[in-house]
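Here is a short tour of two neighbouring topics in this model, helix ends and helix faces. Have the structure open as you read.

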Amino acid sequence: MATSNVSVLTSFLTAPKALNLPSSLATQRNRTKKDLENLVAQLEESIATEVAQREGLANELQAAMDNIAQLKAAAIAAAATHERAMFEAIAKANAANAAATAATAAAAAAAAAADGPPVPRPTGNVRHLQEWSGLSKEDYRAVQRTIRNLVIIANLDWTDDFRRQNAENLARLYRAAREEHPVLKRFQNNWLTAELAKQFLQNKCKHAVKQGYVDRASIRTGTRRARR
């Protein structure tokens, strides 16, 4: 009997005992944990909002920096374009001034040449026209090219003798030649223009005979009619 009581007592002393806390303390603990969880959630939300705001500000700052870089590049390009346009305008102005100066000098030289002493027609068979004209090789060739073109424009007939050319066509030829080369005004009765035109027509006629465009017999008789 005594042994049984000891066992019961030992079991009672060694068994774990549950704490019977008041219900108000347990509720307070639960509320504190919930409050902490809410606080943590609020802090996390605030941190997320702050991070989002910082990211937004960083993006705006980067966009502003990119815009500034673009504006700077555009300003540099515009300045370079303006500078290039200014240099081009200066170069064009200088070229125009140089051309005007050259044109003035050429006009003065042409006027001086036109106002020179008259050149009479040499007697006899006129050969070596450049020597008789007194023109430089360059000026003589320029006049020669002009006369050839004007002969075609004046519609002179290469199949007929020069003395039988239409008077109005010849007058138009002489007038145009003097306007193109004022130095031709010095040659009395347009003799240099006439000789150059005559040479061109004769050469054209010789070429036509060689190619069979005109009949040799008609040339001997002075008719020079083209073959049909």
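At the start of H5, a side-chain oxygen of asparagine 166 comes to within 2.9 Å of the backbone nitrogen of glutamate 168. Keep in mind that this is a predicted model.

What lies beyond that contact? Helix H5 covers residues 167-180, and its end-to-end distance agrees with the expected span. For H4, the distance agrees with the expected span as well. The values sit side by side here:

| Helix | Residues in helix | Expected span | Distance between end C-alpha atoms |
|---|---|---|---|
| H5 | 14 residues | 20 Å | 20 Å |
| H4 | 17 residues | 24 Å | 25 Å |

Now, which residues of H5 are buried? They are Asn169, Leu170, Leu173, Tyr174 and Ala177. These residues cover an arc of only 135° around the axis, so they are on the same side of H5. An α-helix has 3.6 residues a turn, so residues three or four places apart point the same way. On the other side of H5, you will find Ala167, Glu168 and Glu179 exposed. Glu168 is thus worth a second look: its backbone nitrogen is the partner of the asparagine 166 side-chain oxygen.

What do the buried residues of H5 pack against? Their partners are helix H4 (137-153) and helix H6 (191-211).

Turning to H4, its buried residues are Tyr140, Val143, Gln144, Thr146, Ile147, Leu150 and Val151. They pack against helix H3 (129-133), H5 and H6. Just after H4, asparagine 155 has a positive phi of about 60°.

Key:
Residues numbered from 1 in each chain as written. Predicted model: local features only at pLDDT ≥ 70, side-chain atom pairs only at ≥ 80, totals over all residues. Heavy atoms only, no water. Helix = DSSP H or I, 4+ residues; strand = E, 2+ residues; numbered from the N terminus. Expected span 1.5 Å × (residues − 1). Buried < 20%, exposed > 50% of the residue type's maximum accessible area, 1.4 Å probe, protein only. Arc of directions from axis to C-beta. Contact = heavy atoms within 4.5 Å. Polar contact = N/O pair within 3.5 Å; in protein donor to acceptor, adjacent residues only side chain to side chain.
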